[in-house]
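Hi everyone, thanks for squeezing me in. I'd like to walk you through one structure and how its pieces pack; have a look at it first.

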Amino acid sequence: MSEHDAVEVILAKRDGHELSESQIDWVVAAYTRGDVAEEQMSALAMAILLNGMDRREIARWTAAMIASGERMDFSSLSRPTSDKHSTGGVGDKITLPLAPLVAACGVAVPQLSGRGLGHTGGTLDKLESIPGWRAALSTEEMLAQLEDVGAVICAAGDGLAPADKKLYALRDVTGTVEAIPLIASSIMSKKIAEGTGSLVLDVKVGTGAFMKDQARARELAETMVALGTGAGVRTVALLTDMSTPLGLSAGNGIEVAESVEVLAGGGPADVVELTLALAREMLAGAGVTDVDPADRLADGSAMDAWVRMIRAQGGDPQAALPIARESHVVTAPADGVLTRLDAMAVGLAAWRLGAGRARKEDPVQAAAGVRWHARPGDMVRAGQPLLTLLTDEPERFERARATLEGGYDVAPAGTSYTPSPLVIDRIS
Ligand code: URA
């Protein structure tokens, strides 16, 4: 006889009760080993979505998910570690310049990343557009690269938080992704098990983000910061705008190209601003306060770290990136000022052009995506190129174009435009 059964736990949460520590430990472990059925866990996930969990329950749930798998240990490294997690946005290539930049400042960055699903891109998909680059590293390879280069971006192995892997797939098909306790414990179980010493969370808010409104984004950020801090990881969160896509491109290879521009000292101002803001937080979390990351972008040392990081994983940083076979230009409809470029519309268009996948097993096109030639606040002239759509399969243009209809506004010249701040708040 086990000490609990699934129906008892489901009924407790259905009726609005707090779950006990032993109920939580039991249900997470039993689900991972297959003793709680998928339909029972889906009922429990829905009860959690509807009735919530308090901070104590979320912390225990997170600990149970960590205990379902292995934990990594970076204590043998000669430098401190810091990691960043973004809740996902459109044109969000920040990890690419950020990891080598922070490494160039003396802090090791163990970045376990994922592939994209839906309208937000995945860091591994972007890097796989570099000829030869490989995402899969053994723990030994990862440790050696962290010691030598200082930065690793690779796929998370199956051993970290296996309970989350199972539960996330279930939530995806049962309408229970949006529960804040489940999102926070899912993200933080992986980050705590990864073993980083400090963590910076980039919690996105806006049309192109998971969290469309600030109140929910703030609640998610506060919950995750409390989980990290409680587990001994120095954790801060920035709330950042995701109503406009980041930079000037969304896709895979085209986002690598934009990241390289940033590492070369150029690139779009918003990508540079967010990269530096997150780098400063990561360095502070690791106790490094005497290095200005802007200097490391300017003196080329961040670029050197990028070249070494790509080479260490088999990639050729000098190789030409793939070019899309077909392109289609969308022009500005009138003279005036661009007052809105909707992140969700751009993200969905990039996805429909082939940059993203609908199912986990789908391939992505390395060269597909969207480039935009103006940002909100810029003056445009009727007929000038506003967006360029890129794909290898021209039959994709029509649906991508339809997605972008209503996704931008051009107002008469002289219309006042107030930019919204990129970094909305900091939560520690
Ligand atoms: N990312 C995760 O890893 N988990 C979630 O639940 C949501 C986003």
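Okay, let's start at β1, which pairs with strand β4, residues 198-205, through 5 bridges, and the two run parallel. If you want a spot to zoom in on, histidine 85 sits opposite leucine 201 of β4. And before I go on: this is a predicted model, so keep that in mind throughout.

Quick reminder for anyone who doesn't do this daily: strands of a sheet pair through backbone hydrogen bonds, and they can do that parallel or antiparallel.

Now zoom out to the whole sheet. It's an open one with 4 strands, ordered β1-β4-β5-β13, and the pairing is mixed. So who's at the edges? That's β1, residues 82-86, and β13, residues 423-427; each has a single partner strand, so one side of each is left without a neighbour in the sheet. From one strand to the next, the twist averages 20°.

What lies across β1, β4 and β5? Helix α9, residues 180-194, does, and α9 runs at about 165° to β1.

Right, on to the helices. Two packed helices get described by the angle between their axes and the distance between those axes, and I've got two pairs for you.

Pair one is α2, residues 21-32, with α8, residues 162-172: their axes come within 9 Å and cross at roughly 80°. That makes α2 roughly perpendicular to α8. On the α2 side you've got Val28, Tyr31 and Thr32, and they meet Pro162, Ala163, Lys166, Leu167 and Leu170 of α8. Sort the residues of that contact and you get 6 nonpolar, 1 polar and 1 charged.

Pair two brings in helix α1, residues 6-14, which packs on α2 at an angle of about 125°, with the axes 10 Å apart. So α1 and α2 are oblique to each other, and their crossing is left-handed. Here Ala6, Glu8, Val9 and Ala12 from α1 meet Gln23, Trp26 and Val27 from α2. The breakdown for this contact is 5 nonpolar, 1 polar and 1 charged.

Last thing, the domains. The chain is divided into domain 1, residues 6-52; domain 2, which is 82-157 + 193-312; and domain 3, residues 326-411. How far apart are the centres of domain 1 and domain 3? Taken over C-alpha atoms, 43 Å separate them.

That's my tour, so fire away.

Methods
Residues are numbered from 1 along each chain as its sequence is written. This is a predicted model: local features need pLDDT of at least 70, side-chain atom pairs count only at pLDDT 80 or more; totals for chains, interfaces and linings use all residues. Side-chain values use heavy atoms; hydrogens and water are left out. Two strands pair if DSSP finds at least two bridges between them. Axes are lines fitted to C-alpha atoms, for helices over the stretch in contact, and angles run from 0 to 180 degrees between N-to-C directions. Contact means heavy atoms within 4.5 Å. Domain bounds come from an automatic or database domain assignment. Angles under 35 degrees count as roughly parallel, over 145 as roughly antiparallel, 65 to 115 as roughly perpendicular and the rest as oblique. Ala, Val, Leu, Ile, Met, Phe, Trp, Tyr, Cys and Pro count as nonpolar, Asp, Glu, Lys and Arg as charged, and the others, Gly among them, as polar. A crossing is left-handed if the near helix is turned anticlockwise from the far one by less than a right angle, and right-handed if clockwise.
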